[in-house]
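Reader: Please take me through one part of this model in detail. I would like the open and enclosed spaces, what lines them, and the packing and loops around them.

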Amino acid sequence: MGILSGNPKEEPMHYGEAFDLWASVLAGNGMIAGYQTMINHAGDDDLKKLLKEAIELCQQEKKQVEELLKENGIGLPPASPEQPEACLEDIPVGARVPDPAIAAVLSADIAAGLVTCSQIIGKSIREDIAMMYVQIHNQKAALGGKVLRLNKEKGWLIPPPLHPNKHGDC
């Protein structure tokens with residue numbers, strides 16, 4: 001039996017897996033801080049709810065990945081401090097980030113996260129790491145669906161030029 005034919009948790013990570021896990025935690029730290037700040041700027045309660053859900057998802061993912069890093073003797077990236085809560089009315093109107101822009105950033109982050117998860121899955125040789133990112137991917141996709149629905153309902157979605165069907169009803 002070779003070194004990679006036993007319990008995946010006992011197999012060594014390759015450098016790409018170690019870096020991807022570490023980078024996931026670093027990115028998650030930044031997103032948590034960013035979303036906490038965006039909650040302060042958001043006026044729409046439905047958007048605030050999705051931002052809180054995104055924070056919880058990031059925290060859950062971060063905890064899971066940090067445990068794996070620690071088990072493998074890999075140091076953790078620096079974490080951002082908790083962002084203070086602020087009252088929307090205390091933020092000057094010209095300095096506020098509008099709700100459609102917040103929703104667009106959240107959408108873009110989720111889309112980038114889906115691509116990153118797919119890349120990590122594709123290059124993992126440890127099944128436990130690949131399966132963990134399949135789970136994370138599915139959770140991000142579900143949140144992305146909620147954000148897309150919100151963007152449509154609120155009229156915040158700016159679609160690209162739509163392609164009309166030139167062939168009629170066929």
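Author: What follows goes from the pockets to the cavity, then to the core, one helix and two loop residues. The model is predicted.

Start with the largest pocket. Its space is about 290 Å³. It is lined by 20 residues, and the closest to its centre are Ala23, Ser24, Ala27, Met31 and Thr116. Four helices each supply at least two residues of this lining: H1 (15–41), H2 (45–71), H3 (99–123) and H4 (127–154). H3 provides the largest share, 8 residues. By class, the lining of the largest pocket splits into 9 nonpolar, 5 polar and 6 charged residues.

Now the second largest pocket. Its volume is about 250 Å³. Here 14 residues form the lining, and Gln36, Ile39, Asn40, Lys52 and Glu85 are the closest to the centre. The elements giving two or more residues to this lining are H1 and H2. The classes are 7 nonpolar, 3 polar and 4 charged residues.

Next, the enclosed space. The structure holds 1 cavity of 30 Å³ or more. About 80 Å³ of space lies in the largest cavity. Its lining consists of Met31, Tyr35, Ala54, Leu57, Cys58, Leu106, Asp109, Ile110, Lys140 and Leu143. H1, H2, H3 and H4 are the elements that give two or more residues to this lining. In class terms, the cavity has 8 nonpolar lining residues, no polar ones and 2 charged ones. Met31 recurs here: it lines the cavity and is also among the residues closest to the centre of the largest pocket.

The cavity leads on to the packing. The largest nonpolar core has 20 residues, of which Tyr35, Leu47, Leu51, Leu106 and Leu143 touch the most other members. The elements that contribute two or more residues to this core are H1, H2, H3 and H4. H2 gives the most, with 7 residues. Three of the names repeat. Tyr35, Leu106 and Leu143 belong to this group of core residues, and Tyr35, Leu106 and Leu143 also line the largest cavity.

H2 deserves its own look. It has 27 residues, which at 1.5 Å a residue should span 39 Å. The C-alpha atoms at its ends are 39 Å apart, so the expected span and the model agree. At the start of H2, a side-chain oxygen of Asp44 comes to within 2.9 Å of the backbone nitrogen of Asp46. After H2 comes Gly73, with a positive phi near 70°.

Asp44 itself sits in the loop between H1 and H2. Buried or exposed? Asp44 has 14% relative accessibility. The cut-off for buried is under 20%, so Asp44 counts as buried. Its side chain makes the contact described above: a polar atom lies 2.9 Å from the backbone nitrogen of Asp46.

The loop between H3 and H4 holds the other residue to check, Ser124. Ser124 has 14% relative accessibility and therefore counts as buried. Its side chain has a polar atom 2.7 Å from the backbone oxygen of Ile120. The partner atom is thus a backbone oxygen for Ser124 and a backbone nitrogen for Asp44.

Note on methods. Residues numbered from 1 in each chain as written. Heavy atoms only, no water. 1 Å grid on protein atoms, 1.4 Å probe; cavity = no way out; pocket = protein on both sides within 12 Å on 5 of 7 lines; lining within 4 Å. Points joined across faces, edges and corners; volume = space filled by probe spheres on them. Nonpolar A, V, L, I, M, F, W, Y, C, P; charged D, E, K, R; others polar. Expected span 1.5 Å × (residues − 1). Polar contact = N/O pair within 3.5 Å; in protein donor to acceptor, adjacent residues only side chain to side chain. Core = buried A, V, L, I, M, F, W, Y, C linked by side-chain atoms within 4.5 Å. Buried < 20%, exposed > 50% of the residue type's maximum accessible area, 1.4 Å probe, protein only.
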